[in-house]
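This report reads a single protein model from its overall layout down to individual side chains. The sequence and the coordinates follow.

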Amino acid sequence: MGFTLNEQFMEKFVDPGNHNSGIDLLRTYLWRCQFLLPFVSLGLMCFGALIGLCACICRSLYPTIATGILHLLAGLCTLGSVSCYVAGIELLHQKLELPENVYGEFGWSFCLACVSAPLQFMASALFIWAAHTNRKEYTLMKAYRVA
């Protein structure tokens with residue numbers, strides 16, 4: 001069943017399906033966060049790639065640190081999105097019981113998101129480590145040239 005963009009941002013109700021039961025703010029904002037955070041993560045990754053490309057063109061080390069920080073923030077957004085999804089599903093399952101012969105399991109995209117967050121953290125660590133070690137070597141090379 002597909003949802004339009006407006007339906008993604010509709011309020012969630014305390015009793016699902018009962019519009020008179022009041023708005024469940026926690027589930028509403030968890031749903032919105034798990035919908036928006038992947039786009040924020042993607043934007044940060046694309047911006048990091050653009051900065052990384054500029055770092056290669058300019059042959060400068062400081063944009064590499066910024067790329068690492070952007071990857072770290074993207075990983076946090078991905079992890080936050082996965083956490084919001086799990087919390088929202090658990091809150092929904094507390095209010096509604098699954099019908100018979102229906103099993104609630106996480107799919108392949110959830111597993112992919114769970115794998116991508118640590119990979120983004122590792123990429124961040126590698127960028128920051130590379131910028132830090134190359135900066136030391138660069139300053140040593142500069143000192144030898146002056147001597």
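In which helix does Thr-67 lie? Thr-67 belongs to helix 3, which covers residues 62-95. The model under discussion is a predicted one, and every value below was computed from it or taken from a record.

**Overall layout**

The protein has 4 helices and 0 strands, and the order read along the sequence is α-α-α-α. Of its 147 residues, 23% count as buried. Among the contacts in the protein with a separation of 6 or more, 65% are accounted for by residues 24 or more positions apart.

**Two threonines of helix 3**

Thr-67 has a relative accessibility of 1%, and because buried means under 20%, Thr-67 counts as buried. Residues up to four places away in sequence aside, Thr-67 touches Gly-48, Ile-51, Gly-52 and Phe-127. Gly-48, Ile-51 and Gly-52 are themselves among the buried residues of helix 2.

Thr-64 also lies in helix 3, and at 15% relative accessibility this residue counts as buried. When neighbours within four places in sequence are left aside, Thr-64 is in contact with Ala-55, Phe-127 and Ala-131. Ala-55 is another of the buried residues in helix 2, while Phe-127 appears in the contact lists of both Thr-67 and Thr-64.

**Helix 2**

Helix 2, residues 25-58, has 34 residues and reaches 47 Å from its first C-alpha to its last, which is close to the 50 Å expected at 1.5 Å a residue. The helix nevertheless bends by about 25 degrees at Leu-36, and a proline, Pro-38, follows within four residues. The buried residues of helix 2 include Arg-27, Thr-28, Leu-30, Arg-32 and Gln-34, together with Ser-41 and Leu-44. Arg-32 additionally lies over the face of Tyr-29, at 5.2 Å from the ring centre. Just after helix 2, Arg-59 takes a positive phi of about 55 degrees.

**Aromatic pairs**

The structure holds 4 aromatic pairs. One of them joins Tyr-85 and Phe-110 in a tilted arrangement, with 5.9 Å centre to centre and 45 degrees between the planes. Tyr-85 lies in helix 3 and Phe-110 in helix 4 (residues 108-146), so the pair ties together parts that are 25 residues apart in sequence. The two partners fall into separate accessibility classes: Tyr-85 is partly exposed, with a relative accessible area of 29%, whereas Phe-110, at 16% relative accessibility, counts as buried. Ring pairs also bring in Phe-106, so that Tyr-85, Phe-106 and Phe-110 are linked into a cluster.

**Annotated spans**

An unreviewed UniProt entry places the feature "transmembrane region" at residues 35-58, 70-94 and 106-131. For two of these spans, the table sets out the distance between the end C-alpha atoms and the secondary structure content of the model.

| Span | End C-alpha atoms apart | Helix | Strand |
|---|---|---|---|
| Residues 70-94 | 36 Å | 100% | 0% |
| Residues 106-131 | 38 Å | 92% | 0% |

The annotation itself comes from the UniProt record, whereas the distances and percentages were computed for residues 70-94 and for residues 106-131.

Conventions:
Residues numbered from 1 in each chain as written. Predicted model: local features only at pLDDT ≥ 70, side-chain atom pairs only at ≥ 80, totals over all residues. Heavy atoms only, no water. Helix = DSSP H or I, 4+ residues; strand = E, 2+ residues; numbered from the N terminus. Buried < 20%, exposed > 50% of the residue type's maximum accessible area, 1.4 Å probe, protein only. Contact = heavy atoms within 4.5 Å. Phe/Tyr/Trp six-rings, centres within 6.5 Å; stacked < 30°, edge-to-face > 60°. Lys NZ or Arg CZ within 6 Å of the ring centre and 35° of its normal. UniProt positions renumbered as here; feature names shortened; annotations may be inferred. Expected span 1.5 Å × (residues − 1). Bend = angle between axes of the 7 residues up to and from the residue.
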